[in-house]
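Reader: I should be grateful for a close look at a single part of this model, followed outward into the parts that surround it. Please take one residue as the point of departure and proceed in a connected account.

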Amino acid sequence: MTTQQTRSRLQLLLVAAFFLGSFGVAAALFFGGWKPTQTRNIGQMLDPYPMLQSLELKRADGSAWQWQPASRHWHIVFVAPEGCGQACAAMHDVMHRIWVSEGRHAEKLKVLWFGPVPEGAAEFSGFVPMQPSAELAALLPDAATPDALPAYLADANGYLVLRYAPGFNPSGLRKDLGRVLK
């Protein structure tokens, strides 16, 4: 064997070792159950994902809400407590700004607002006023706290995926939406 052949074979073995070695490490971590301590999403991942599709949700006008997975719409879910006042007006403004900031992708985003809509709230095509739902409130982690105003992100299939704690930074929700609205 010549020196050139030996060198070529060693290079091939080195490339194969790097490829298979990194694959082996990744497989060991995955099958070993390791999970990263921090994810890229800003909102808190819910585990397990509450399923809203089985609930009988109604729009404010009394018509039934139908989840449409084929449409690939994402939904911001917000439950407004009775007598929310100025805090709900501010939250509605935040939701409107988030919806507008999505630009051409805004058509794939719906804001499901459960409860009374603040007076003088701006109307926009992605805003869907909904009737309050006791079943929905029972599924939400902090429904028992009337002063808490969290928001949730639901996928097109009706699963609540992310929770945004009361007082959340709207840019975090916007960043998460930027990853899923495409």
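Author: The point of departure is Ala 87, which is found in helix α2. The model is a predicted one, and every value below is computed from its atoms.

Ala 87 counts as partly exposed because its relative accessibility is 38%. Along the chain, Ala 87 and Leu 149 are 62 residues apart, yet their C-alpha atoms are separated by 8.3 Å.

Ala 87 belongs to a helix that spans residues 86-101, and a disulfide is found in this part of the chain. A disulfide is a covalent bond between the sulfur atoms of two cysteines. In this model the count comes to 1 disulfide, and the cysteines that it joins are Cys 84 and Cys 88, with 1.9 Å from S to S. The link of Cys 84 and Cys 88 is right-handed, with 100° about the S-S bond. Cys 84 is buried because its relative accessibility, 17%, falls under the cut-off of 20%. Cys 88 is likewise buried, with a relative accessible area of 2%.

Cys 88 also leads to the next residue of interest, since it is one of the contacts of Trp 113. The place of Trp 113 is in strand β3. With a relative accessible area of 0%, Trp 113 is buried. Its contacts, leaving aside neighbours within four places in sequence, include Met 91, His 92 and Met 95 as well as Cys 88. Also among them are Phe 78, Ala 80 and Pro 118, together with Phe 127, Val 128, Pro 129 and Met 130.

The contact of Trp 113 with Phe 127 deserves separate treatment. A pair of aromatic rings is described by the distance of the centres and the angle of the planes. The model holds 7 aromatic pairs. Trp 113 and Phe 127 form one that is tilted, with 5.9 Å from centre to centre and 50° between the planes. This pair links distant parts of the chain, for Trp 113 is in strand β3 (residues 109-114) and Phe 127 is in strand β4 (residues 127-130), 14 residues apart. Both Trp 113 and Phe 127 are buried. Another tilted pair is formed by Tyr 164 and Phe 168, at 5.8 Å centre to centre and 50° between the planes. Tyr 164 and Phe 168 are both buried as well. Trp 113 and Phe 127 are further part of a cluster linked by ring pairs, together with Phe 78, Trp 99 and Phe 124.

Helix α2 may now be followed to its packing against another helix. Two packed helices are described by the angle between their axes and the distance between the axes. Helix α2 packs with helix α4 (residues 170-180) at an angle of about 35°, the axes being 10 Å apart. The crossing in which α2 passes α4 is right-handed. From α2, the contact is made by Val 94, Ile 98 and Ser 101; from α4, by Pro 170, Leu 173, Arg 174 and Leu 177. By class, this contact has 5 nonpolar residues, 1 polar and 1 charged.

The loop between β6 (160-164) and α4 contains Pro 166. At 39% relative accessibility, Pro 166 counts as partly exposed. The C-alpha atoms of Pro 166 and Ala 151 are separated by 7.5 Å, with their positions 15 residues apart along the chain.

Leu 177 of α4 and Trp 113 each provide a reference for Glu 135, which is found in helix α3 (residues 134-139). Glu 135 and Leu 177 are 42 residues apart in sequence and 26 Å apart in space, C-alpha to C-alpha. For Trp 113 and Glu 135, the separation is 22 residues in sequence and 15 Å in space, C-alpha to C-alpha. Glu 135 counts as partly exposed, at 44% relative accessibility. Its contacts, aside from neighbours within four places in sequence, are with Leu 55 and Glu 56.

Two features of the backbone complete the account. Most residues other than glycine have a negative phi, and most peptide bonds are trans. A cis peptide bond joins Asp 47 and Pro 48, with omega about 0°. Pro 48 has its place in the loop between β1 (44-45) and β2 (74-79). Arg 72 lies in the loop between β1 and β2, and its phi is near 60°, a positive value in a residue other than glycine. Arg 72 counts as exposed because its relative accessibility of 54% is over the cut-off of 50%.

Conventions
Residues are numbered from 1 along each chain as its sequence is written. This is a predicted model: local features need pLDDT of at least 70, side-chain atom pairs count only at pLDDT 80 or more; totals for chains, interfaces and linings use all residues. Side-chain values use heavy atoms; hydrogens and water are left out. Rings of Phe, Tyr and Trp (its six-membered ring) pair if their centres lie within 6.5 Å; planes under 30 degrees apart count as stacked, over 60 as edge-to-face and the rest as tilted. Helices (H or I, at least four residues) and strands (E, at least two) are DSSP runs, numbered from the N terminus. Buried means under 20% relative accessible area, exposed over 50%, partly exposed in between (1.4 Å probe, protein chains only). A disulfide is a pair of cysteine sulfur atoms within 2.5 Å. Axes are lines fitted to C-alpha atoms, for helices over the stretch in contact, and angles run from 0 to 180 degrees between N-to-C directions. A crossing is left-handed if the near helix is turned anticlockwise from the far one by less than a right angle, and right-handed if clockwise. Contact means heavy atoms within 4.5 Å. Ala, Val, Leu, Ile, Met, Phe, Trp, Tyr, Cys and Pro count as nonpolar, Asp, Glu, Lys and Arg as charged, and the others, Gly among them, as polar.
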